[in-house]
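Trainee: I am new to this structure and would like a close look at one part, starting from a single residue near the beginning of the chain and following its surroundings outward. Please explain each term as you reach it.

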Amino acid sequence: MIYIKNAKAVLKDSILDNAVLQIDDDRIVQVGTEDSLQIPSNAHCIDAEGAYIGPGFVDIHVHGGNGTMFFVAPELTAKHFLAHGETTVLPTLYYDLPKADFLEAIDKIQAAMKSPDGENIAGIYMEGPYMNPQYGACADKNCWSGTIRLDDYKELVDRAGADAKVWAIAPEREGIADFVKYVKDTNPDATIAVGHSEANPEQIAVLKPYGLTLQTHCMNATGQSSEWLGTRGCGPDEACLLDDDMYAEIISDSMGIHINPHLQKLILKVKGTDKVILITDSFAGDGEPPENLSHVTDLTFDSNGNLCGSRLTMDAAVRNVMKHTGCNLVQAFRMASYNPACVIGMDNEIGSICPGKKANLVFLDPDLQIKKVMLNGIVQ
């Protein structure tokens with residue numbers, strides 16, 4: 001039994017000062033104040049020294065980081081993000097992988113999930129294979145821009161199985177409905193996301209019955225068709241903003257390059273912080289940045305100089321979104337922990353500080369820098 005004392009606990013809707021957390025094995029048993037929760041005299045205590053303690057971050061969309069892609073070295077990459085408070089990650093695979101490499105990547109990540117060094121890997125985010133090839137980084141390397149055929153995707157979907165928590169697709173692609181149906185037949189719990197798309201609300205609505213509840217990086221790598229000269233069409237960004245059931249992912253980098261800070265404010269204003277999910281979209285790209293962005297340290301670029309994800313970690317994303325939008329720490333944690341846990345159906349286990357949930361915790365100093373991380377009740 002472990003007691004954490006002298007903490008500021010970041011709960012789902014408030015901050016509890018003088019907080020005490022009782023941990024037994026890998027679970028939170030009780031949460032209270034120093035006045036209400038008695039600590040036995042012989043108890044093993046961790047003094048938080050006034051630090052904020054929040055639920056471990058849940059990064060559902062992350063390709064790699066620290067110079068390594070998840071599909072190359074999953075355990076090493078998972079360890080990098082764990083050090084930044086990401087107690088749950090979904091390694092993200094992209095449409096630039098040919099089928100054989102896709103299958104090998106799935107195998108490596110699934111093996112890492114069973115390894116002690118991959119305990120924070122909770123599944124896979126399939127960013128593709130069937131998105132709109134006009135949008136997103138590495139478009140010239142898209143291996144899946146042709147006809148959507150069962151013979152091509154069956155083995156991929158079967159191999160990923162229940163470990164594929166999210167499938168990002170472009171609803172406007174011909175034959176995509178059959179693909180989505182097969183995904184849901186294979187894994188009824190899979191979340192479907194609109195990604196790299198110019199779909200209109202009607203095209204998106206067709207797939208809503210199959211669990212389409214998420215937009216991949218809102219206002220980034222998306223488009224819309226013009227309905228008349230000088231008018232703005234209604235694309236996936238607008239459809240997400242209008243749909244109360246849909247979550248919007250946002251990438252909040254330091255300079256607001258992926259999403260302009262004004263647009264981040266707009267998303268939060270329309271969706272509310274209970275329907276926004278912070279992601280890092282971190283990538284291990286080695287392309288050269290354009291000259292006007294060469295000074296920005298948390299972006300990555302493809303070989304064509306196009307934006308290709310980030311070098312973000314979730315602790316930095318939390319600080320950034322607070323700076324860009326004026327949201328508070330409770331709201332930032334909701335977007336970085338609870339909401340992503342909800343969208344992948346894991347909110348009964350992770351994402352908030354509650355009795356019965358996993359003791360996945362992050363300790364932050366007043367400047368919101370990581371002090372320590374606890375995974376499954378063990379300080380890392």
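Mentor: Helices (H or I, at least four residues) and strands (E, at least two) are DSSP runs, numbered from the N terminus. The model is a predicted one, in which local features need pLDDT of at least 70 and side-chain atom pairs count only at pLDDT 80 or more, while totals for chains, interfaces and linings use all residues. Residues are numbered from 1 along each chain as its sequence is written, and side-chain values use heavy atoms, with hydrogens and water left out.

With that in place, begin at Leu16, which belongs to strand E2. Leu16 has a relative accessibility of 23%, so it counts as partly exposed (buried is under 20% relative accessible area, exposed over 50%, and partly exposed in between, with a 1.4 Å probe and protein chains only). Once its neighbours within four places in sequence are set aside, Leu16 is in contact, meaning heavy atoms within 4.5 Å, with Ala7, Lys8, Ala9, Leu11, Val31, Gly32 and Thr33. Leu16 and Tyr52 are separated by 36 residues in sequence, and their C-alpha atoms are 9.4 Å apart in space.

Lys8, one of the contacts of Leu16, also leads to Tyr52, for Lys8 lies over the face of that ring at 5.3 Å from the ring centre. Such a charge sits over a ring if NZ of Lys or CZ of Arg is within 6 Å of the ring centre and within 35 degrees of the ring normal. Elsewhere in the chain, Lys275 is placed over the face of Tyr247, at 4.0 Å from the ring centre.

If you follow strand E2 (15-24) to its end, you come to the loop that joins it to strand E3 (27-33), and Asp25 lies in this loop. Asp25 is not a glycine, yet its phi is positive, near 60°. With a relative accessible area of 64%, Asp25 is exposed. Leu368 makes a useful companion to it, since Leu368 is likewise not a glycine and has a positive phi of about 65°. Leu368 sits in the loop between strand E18 (361-364) and strand E19 (370-375), but Leu368 is buried, with a relative accessible area of 10%. Most residues other than glycine have a negative phi, and most peptide bonds are trans. The bond joining Gly128 and Pro129 is a cis peptide bond, with omega at about 10°, and Pro129 is found in the loop that runs from strand E10 (124-127) to helix H3 (150-160).

Return now to Leu11, another contact of Leu16. Leu11 is also one of the residues that line the largest cavity, together with Val10, Lys12, Pro55, Val330, Phe333, Arg334, Ser337, Tyr338, Gly351 and Ser352. On a 1 Å grid over the protein atoms alone, a cavity is a set of points where a 1.4 Å probe fits but cannot get out, and lining residues have an atom within 4 Å of a point. Helix H9 gives the largest share of this lining, five residues.

Phe333, from the same lining list, brings us to the aromatic pairs, of which there are ten; rings of Phe, Tyr and Trp (its six-membered ring) pair if their centres lie within 6.5 Å, and planes under 30 degrees apart count as stacked, over 60 as edge-to-face and the rest as tilted. Phe57 and Phe333 form a stacked pair, 5.2 Å centre to centre with 25° between the planes. Phe57 lies in strand E6 (residues 57-62) and Phe333 in helix H9 (residues 329-343), so this pair ties together parts that are 276 residues apart in sequence. Both partners count as buried, Phe57 at 0% relative accessibility and Phe333 at 3%.

Trp167 and Phe179 form an edge-to-face pair, with 5.5 Å between centres and 80° between the planes. Trp167 is part of strand E11 (residues 164-169) and Phe179 of helix H4 (residues 176-186), so the parts tied together here are twelve residues apart in sequence. Trp167 is buried at a relative accessible area of 1%, and Phe179 is buried at 0%. Ring pairs link these two into a cluster with Phe102, Tyr130, Trp144, Tyr153 and Tyr182. Phe179 and Tyr182 are both among the buried residues of H4, along with Ile176, Val180, Val183 and Lys184. These buried residues of H4 pack against H3, E11, strand E12 (191-194) and helix H5 (201-207).

Terms used. On a 1 Å grid over the protein atoms alone, a cavity is a set of points where a 1.4 Å probe fits but cannot get out, and a pocket is an open set with protein on both sides within 12 Å along at least five of seven lines; lining residues have an atom within 4 Å of a point.
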